[in-house]
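Q: I have a structure open beside its sequence, and I would like to learn how to read it one feature at a time. Could we go through it together?

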There are 2 protein chains.
Amino acid sequence: MTTKTYFTPGPAQLYPTAQAHLQQALELQIPSISHRSRQFQAIYQQCFEALKALLHIPADFAVLFTGSATEIWERIILNCSERGSFHLVNGAFSEKFYEVAAQLKHNPIKQEAALGEGFDPAEVIEVLRLCDTAEIVGLTHNETSAGVSMPEAHLHQIAAACPEKLTFVDMVSSAPYPRLDYGLIDSAYFSVQKGFGLPAGLGVWIVGPRCLAKAQQIAQSGKPMGALTLMDLWKNFEKFQTPATPNVLAIYLLGKVAEDMLRQGIDHIRQDIEQKAKALYDYLGSSSIMQPFVRNEAVRSQTVVVADLDIAQSKIMERLQRKGFVVGTGYKEYKEKHLRIANFPATTWADIENLIKEFKKVE
Amino acid sequence: MTTKTYFTPGPAQLYPTAQAHLQQALELQIPSISHRSRQFQAIYQQCFEALKALLHIPADFAVLFTGSATEIWERIILNCSERGSFHLVNGAFSEKFYEVAAQLKHNPIKQEAALGEGFDPAEVIEVLRLCDTAEIVGLTHNETSAGVSMPEAHLHQIAAACPEKLTFVDMVSSAPYPRLDYGLIDSAYFSVQKGFGLPAGLGVWIVGPRCLAKAQQIAQSGKPMGALTLMDLWKNFEKFQTPATPNVLAIYLLGKVAEDMLRQGIDHIRQDIEQKAKALYDYLGSSSIMQPFVRNEAVRSQTVVVADLDIAQSKIMERLQRKGFVVGTGYKEYKEKHLRIANFPATTWADIENLIKEFKKVE
């Protein structure tokens with residue numbers, strides 16, 4: 001059996017050190033330790049400190065753990081929005097956050113862009129000014145279904161224009177790449193099976209004191225806020241614990257991988273991602289069999305590159321399969337029309353070069 | 001570093017084959033596969049079939065996956081109870097289900113017993129007859145905090161007496177031990193870090209068609225039912241998928257361990273648990289330093305044995321520590337007064353004999 005190389009946008013290729021950390025975790029019997037033990041508290045704290053340094057999280061923010069990003073969407077709506085929410089929707093995942101709010105009957109409003117397109121922040125700000133009921137703003141740094149990214153400057157510009165609202169950034173398929181200013185952004189979240197290259201089963205919720213204050217205010221109204229409130233999660237975080245048994249192994253692995261990334265340097269990781277993305281987009285720009293799906297260069301994702309195919313997908317897939325390369329197919333209606341190529345930290349320069357080489361052989 | 005033996009009631013000792021399956025999963029690159037792939041569907045199906053055979057689940061039931069048992073409590077209340085719920089509470093974990101319902105403002109009613117005590121099913125049935133608003137009944141097969149179990153016959157007797165209500169059984173810290181009659185019980189659930197001896201991070205929800213029908217009925221009223229409804233989960237289950245990215249690795253491991261348990265035979269596993277429990281309770285009955293916390297033999301847990309200490313806990317802990325034996329401390333106010341000893345399938349006869357030998361040395 002040959003080892004495959006995964007270019008899929010999540011679950012994705014494991015981070016190069018992940019397997020060794022997993023072996024170490026088994027030797028240390030991490031899966032058997034109590035989540036009420038000092039040993040677990042030390043694991044949580046190490047993970048928190050490493051993420052804080054890696055992602056430039058302020059000292060008064062919490063890092064909370066859930067089962068998935070879907071659970072985070074639910075917790076955000078139930079804990080931080082009372083009268084309504086506002087969502088920028090330009091693909092399946094930003095739409096899902098909107099749908100969660102709709103499902104919870106929390107009066108969400110959405111501004112939409114076509115798949116493959118981004119938003120003009122000035123226009124967004126104009127619309128937002130009319131949305132009195134929206135107490136929270138849901139922005140997506142990287143829309144995984146379309147390969148569209150919102151530049152950090154735009155995220156910050158929008159957040160700065162509505163300081164009375166809470167701004168949440170979905171960086172599920174881009175963390176640790178974006179450098180967010182948590183003086184403007186109130187909260188961001190991701191899951192570990194994407195950029196951190198770990199097995200799925202852990203959502204990570206970075207959350208600031210303004211979100212906690214809002215949740216405390218909503219609690220006073222006596223409204224149902226779900227089984228685990230932000231207050232519960234935060235109170236436990238303060239002693240590096242969790243209200244329910246968490247995915248201890250995943251927290252351990254995340255802490256270790258975040259530490260490895262710190263050792264590499266986040267600037268180095270960012271540059272590396274950008275260089276690999278450039279190589280991919282350069283190829284797409286000159287290829288005779290595929291082209292970049294996202295036309296506007298300014299909003300092209302650095303971490304999930306989407307190719308629009310001019311030939312049958314099967315022709316490419318057959319060749320990649322022989323090499324053991326696994327790329328993502330398109331999302332929903334684009335299933336057979338697109339390739340989605342993850343460009344996470346786990347993917348090496350050589351991987352990208354080899355992938356492009358195979359594409360060229362099909363031309 | 002010496003290898004420890006965990007007698008803790010969850011997270012617990014890994015099942016003997018867990019580590020080899022984890023190695024195999026890494027070789028097969030299971031953490032990187034797509035949760036929309038046929039390979040994942042086959043993993044889900046294998047896990048479902050193995051659990052169905054092991055736990056005697058009827059063909060028209062679904063097995064759904066969540067991040068934790070806490071999430072299952074939330075999903076049960078939001079999806080299956082409209083006017084109210086009824087809970088038997090005799091410890092911290094049965095209380096938590098009640099609290100989730102209270103938190104969600106779903107009008108829960110509880111009947112309580114003191115810690116260490118069980119319930120008389122005839123009395124429960126009498127009370128239940130008066131609870132018109134309760135549409136669901138929450139029963140706990142094994143109350144982990146106190147080491148009290150409700151015999152299967154009592155669970156079935158209560159369920160049979162209120163066929164108009166839906167009966168849910170918490171077997172978090174006893175599965176796969178109890179043999180439930182799903183002709184009477186509508187749903188049961190557990191998490192994998194207890195009896196199945198796997199890393200934490202997966203809740204397993206066994207759920208029957210009457211629960212689905214109830215959820216469909218509630219949906220028609222337009223009431224908020226959370227981010228993931230039972231309909232979403234069930235519809236995805238029918239094609240062996242999940243609405244959000246699940247803990248793929250944990251599902252793979254659970255399927256493999258369930259298969260190993262089937263090979264051993266569930267009757268053999270049950271007998272083995274009962275013999276080990278008998279050895280522990282026999283010792284407690286004759287010991288000069290501890291005694292069984294649960295006085296009524298009929299409701300003593302077979303999977304979590306709680307000892308009430310007559311000497312300082314530290315004296316015992318010091319000796320166990322030297323041997324690398326880790327037992328659970330008591331729950332909350334009993335933290336230093338109790339030992340909680342998990343007697344899951346992963347614990348061998350030799351482990352139990354050696355543990356008792358150490359206890360005897362302290363006498």
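The dialogue below takes up strands, the contact between chains, salt bridges, a distant pair and the backbone of some loops.

Q: Before we start, what kind of model is this?
A: This is a predicted model, and the values we discuss are computed from it.

Q: In which sense do strand 3 and strand 4 of chain A pair?
A: When we look at two paired strands, we ask about their direction and then about the residues that stand opposite each other. Here strand 3 of chain A, residues 85-89, and strand 4 of chain A, residues 108-112, pair in the parallel sense over five bridges. As one example of a partner, L88(A) is bridged to Q111(A) in strand 4. If you follow the chain further, strand 3, helix 4 (residues 92-103) and strand 4 of chain A make a right-handed β-α-β unit.

Q: How does strand 13 of chain A run with respect to strand 1 and to strand 14?
A: A strand can have a partner on more than one side, so to speak, and each pairing is read separately. Strand 1 of chain A (residues 5-7) pairs with strand 13 (residues 325-329) in the parallel sense, over three bridges, and F7(A) stands opposite V327(A). Strand 13 and strand 14 (residues 338-342) of chain A run antiparallel and are joined by two bridges, with G328(A) opposite R340(A).

Q: How many residues does each chain give to the contact between chain A and chain B?
A: To read an interface, we look at its residues, its buried area and the pairs that cross it. Chain A and chain B each give 49 residues to the contact, and the area buried between them is about 3,900 Å², of which carbon and sulfur atoms give 57%. Two salt bridges are found across this interface, and one that joins the two chains links E74(B) with R75(A), where the closest N and O atoms are 3.0 Å apart. There are also 13 residue pairs in polar contact across the interface, both residues being at pLDDT 80 or more.

Q: Which elements of chain A give two or more residues to the side that touches chain B?
A: They are helix 1 (18-27), helix 3 (69-80) and helix 4 of chain A, and helix 1 gives the most, with five residues. By kind, the residues on this side of chain A divide into 22 nonpolar, 19 polar and eight charged.

Q: Where do E49(A) and K52(A) lie?
A: A salt bridge can also be read within one chain, and a search of the whole structure finds 32 over all chains. The side chains of E49(A) and K52(A) meet in one of 3.5 Å, N to O, and both residues lie in helix 2 (residues 38-55) of chain A, three residues apart, about one turn of the helix.

Q: How far apart are the C-alpha atoms of Q41(B) and F240(B)?
A: Distance along the chain and distance in space are read separately. Q41(B), found in helix 2 of chain B, is 199 residues from F240(B) along the chain, while their C-alpha atoms are separated by 5.0 Å. Leaving aside neighbours within four places in sequence, Q41(B) is in contact with K239(B), F240(B) and Q241(B).

Q: What should I look for in the backbone of the loops?
A: Look at the backbone angles. A cis peptide bond joins G10(A) and P11(A), with omega about -10 degrees, and P11(A) lies in the loop between strand 1 and helix 1 of chain A. The bond from A175(A) to P176(A) is cis too, with omega near 10 degrees. K332(A), a residue other than glycine, has a positive phi near 45 degrees, and its place is in the loop between strand 13 and strand 14 of chain A.

Key:
Residues numbered from 1 in each chain as written. Chains lettered and ligands numbered in written order. Predicted model: local features only at pLDDT ≥ 70, side-chain atom pairs only at ≥ 80, totals over all residues. Heavy atoms only, no water. Pairing = 2+ DSSP bridges. Helix = DSSP H or I, 4+ residues; strand = E, 2+ residues; numbered from the N terminus. Right-handed = clockwise from strand over helix to strand, strands pointing away. Contact = heavy atoms within 4.5 Å. Buried area = accessible area lost by both parts, 1.4 Å probe. Salt bridge = Lys/Arg side-chain N within 4 Å of Asp/Glu carboxyl O. Polar contact = N/O pair within 3.5 Å; in protein donor to acceptor, adjacent residues only side chain to side chain. Nonpolar A, V, L, I, M, F, W, Y, C, P; charged D, E, K, R; others polar.
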